[in-house]
Amino acid sequence: PLRIGIPLLLGLLLAVARAPPSVASDPNTFAKPNWDMYNSYDNTMQRVADMVARNPKTMRMRTVTASSIEGSYKARMPLVVVEPGGLSSGTVPADKLRVFYNFGEHGREIITTELALRVLEMLESVETLTTRIKFHEKFHEIIAQYYKTVFYIVPVENEGGRHKVEAGELCERKNGRGVDTNRNWELDWGVKERDYDPSEEYPGNFPYSEPEAFVLHAELAAFKPHVWVNVHSGMEALFMPYDHKREIPSGSDASQLYHMLEMLNRWHCKSKCAVGSGGKEVGYRAHGTATDTIYTQLGVPMVMTWEVYGVTSAHYDDCFRMFNPTDRHTFDELLDRWGQAFFAVLPLASSHNGVQSQMQRDRVVPTSAFYERSDAVLQVTRTVEPKVQTGSSTEGGNHQAVYRLRGDPTPSYTKLPSYLGSHNFHQTFRNMPPTRIQPKRQEKEEEDIAHRDDALGRRGGGARMRVAHAFDHLQLQTVAVWAMGTFAIGTMLTSRRSSGPKRRVG
């Protein structure tokens with residue numbers, strides 16, 4: 001009995017120790033949007049248009065309509081430029097701070113578009129802004145920087161996903177054809193973690209396959225912001241790069257940004273926000289994100305993801321409650337608190353070493369690159385080099401995809417990586433199931449473990465063989481009972497303590 005009872009007890013203890021951490025889950029409240037409190041997509045766009053119409057000297061709005069590379073999917077994206085000191089003509093002064101605020105990237109995060117409306121409302125006039133921030137400890141610095149800043153705002157990035165949510169698919173995160181546009185950017189695209197969930201974060205067939213992602217890429221390349229904030233909900237956090245690593249970038253500029261996020265946490269998140277690398281603080285690594293690509297490839301000095309709200313204990317299927325306030329008090333308090341944050345960041349950004357360095361080496365940004373365009377159609381087209389005849393075979397056909405902005409007297413072109421126009425590239429990823437694309441980092445970790453185990457085996461092989469031969473029949477039975485007990489109890493505890501897969505944020 002002791003030979004069996006003791007291993008079972010040890011198995012129970014091991015199972016408890018190895019069971020996943022408890023994930024609290026409230027009962028499903030089946031919460032739905034209160035459209036007296038929230039604005040529909042159409043109402044949101046109408047309110048934005050009305051604000052722009054009231055302020056023609058400081059605001060301008062355009063809409064980019066974009067299609068996917070094969071032409072089967074289209075998306076519209078509204079873009080609003082606000083320059084409180086008056087819209088520049090010809091060029092934007094190099095000494096003006098340029099900030100880019102992106103809202104509504106995921107359909108179910110409706111609260112973020114409400115926050116966009118609040119920010120635009122505060123930008124309508126200095127009187128409105130003063131009323132909202134008059135008690136802020138950085139009030140005077142904010143007002144001074146307000147006139148020295150150009151704001152580029154996307155009120156709703158993901159129109160297709162938003163329409164799905166309004167039609168009743170309250171858990172829809174992805175765009176109108178089922179792709180997570182915040183996994184569709186180039187850096188580390190296609191890398192899958194062990195807990196990869198295609199229903200939450202499918203990255204598309206190739207980088208920038210989605211109009212929403214390549215529109216943003218083109219606009220960012222034209223605007224050249226000093227500050228990028230991607231606004232989400234699902235938890236309370238202030239993230240900086242990296243999403244695909246469990247670390248922040250090295251260097252003094254990154255350290256300075258981290259300390260600035262800590263200040264924003266104290267001012268606007270009641271010191272409750274997680275602060276740091278998204279890949280570390282959120283609990284999983286994300287690949288192909290806008291944040292990492294914009295920071296690493298476009299060289300924007302201050303790149304942030306703000307998670308403004310979340311009920312982490314909400315039932316897995318209670319998505320509206322998980323990502324959005326359901327009562328008026330919380331709703332209003334959130335808009336007041338976080339609305340101020342988008343202005344509190346301005347004096348912080350103006351003192352950031354990386355921003356100051358970029359301003360010193362900045363070339364003048366022409367306004368024709370962004371807000372002097374009329375409504376435009378953004379298409380991905382292909383230019384193909386002539387094929388070369390070599391004997392009986394035909395070679396060549398180098399493809400290059402370009403962004404073509406139509407609607408301007410002199411259309412501008414933004415080159416994309418050449419593989420986006422490659423037939424072979426497209427076929428490779430279309431024929432490869434996402435779960436087959438294994439992360440290189442994960443392969444390296446598994447290889448290191450294998451080498452380590454192999455080395456341990458060589459060093460301790462003789463001893464292990466002697467121990468194995470020492471087991472008699474009863475001891476083998478004991479080990480079998482212990483293993484089965486561990487498995488059964490661990491499975492039971494896993495099913496009772498875990499609430500299933502985790503909804504993605506950011």
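L87 has a relative accessible area of 19% and therefore counts as buried, where buried means under 20% relative accessible area, exposed means over 50%, and partly exposed lies in between (1.4 Å probe, protein chains only). This residue sits in the loop between β2 and β3 (91-92). Its C-alpha atom is 8.7 Å from that of P56, a residue 31 places away in sequence.

The model is predicted: local features need pLDDT of at least 70, side-chain atom pairs count only at pLDDT 80 or more, and totals for chains, interfaces and linings use all residues. Residues are numbered from 1 along each chain as its sequence is written, and side-chain values use heavy atoms, with hydrogens and water left out.

**The chain as a whole**

The chain has 17 helices and 15 strands. Helices (H or I, at least four residues) and strands (E, at least two) are DSSP runs, numbered from the N terminus. Of its 506 residues, 51% are buried. Contact means heavy atoms within 4.5 Å. Among contacts between residues at least 6 apart in sequence, 78% join residues at least 24 apart. The exposed area of the chain is about 23300 Å², and carbon and sulfur atoms supply 54% of it; accessible areas come from the Shrake-Rupley method with a 1.4 Å probe, and for residues only the protein chains shown count as cover.

**Strands β1 and β2**

M59 belongs to strand β1 (residues 59-67). With a relative accessible area of 3%, M59 is buried. Leaving out residues up to four places away in sequence, M59 touches M51, V52, V81, V82, L87, L120, L123 and E124. V80 is part of strand β2 (residues 74-82) and is buried at 0% relative accessibility. Beyond four places in sequence, the residues that V80 touches include V48, V52, L120, F151 and Y152.

T29 offers another case, in the loop between α1 (2-18) and α2 (41-54). Is T29 buried or partly exposed? Its relative accessible area is 44%, so T29 is partly exposed. Outside its neighbours within four places in sequence, T29 is in contact with D318 and R321.

The table lists C-alpha distances for pairs of residues.

| Pair | Separation in sequence | C-alpha distance |
|---|---|---|
| M59 and V80 | 21 residues | 7.0 Å |
| V80 and Y101 | 21 residues | 10.0 Å |
| T29 and F320 | 291 residues | 9.5 Å |

**Nonpolar cores**

A nonpolar core is a set of buried Ala, Val, Leu, Ile, Met, Phe, Trp, Tyr and Cys residues joined through side-chain atoms within 4.5 Å. The largest one has 82 residues, and Y101, W306, W338, F342 and F343 have the most contacts inside it. Helix α13 (residues 328-350) gives the largest share of this core, 12 residues. Contacts of W338, not counting residues up to four places away in sequence, are with L115, A237, L238, H268, C269, C273, W306, E307 and V308. A second, separate core has 24 residues, among them Y152, V215, A290 and V303.

**Cavities**

Rolling a probe the size of a water molecule over the atoms shows where empty space is left. On a 1 Å grid over the protein atoms alone, a cavity is a set of points where a 1.4 Å probe fits but cannot get out, and lining residues have an atom within 4 Å of a point. Grid points are joined across faces, edges and corners, and a volume is the space filled by probe spheres set on the points.

How many cavities of 30 Å³ or more does a search of the whole structure find? The search finds 3. The second largest cavity has a volume of about 80 Å³. Its lining includes R183, K192, E193, Y196, R285 and H287. The lining residues divide into 4 nonpolar, 2 polar and 5 charged, with Ala, Val, Leu, Ile, Met, Phe, Trp, Tyr, Cys and Pro counted as nonpolar, Asp, Glu, Lys and Arg as charged, and the others, Gly among them, as polar.

**Backbone angles**

Most residues other than glycine have a negative phi, and most peptide bonds are trans. P241 and Y242 are joined by a cis peptide bond, with omega about 5 degrees. Y242 lies in the loop between β7 (235-240) and α9 (252-268). Y208, which is not a glycine, has a positive phi of about 60 degrees. Y208 is in the loop between α7 (198-201) and α8 (211-223), and its relative accessibility of 3% means that it counts as buried. K270 also has a positive phi, near 55 degrees, and is placed in the loop between α9 and β8 (274-277).

Conventions. 1 Å grid on protein atoms, 1.4 Å probe; cavity = no way out; pocket = protein on both sides within 12 Å on 5 of 7 lines; lining within 4 Å.
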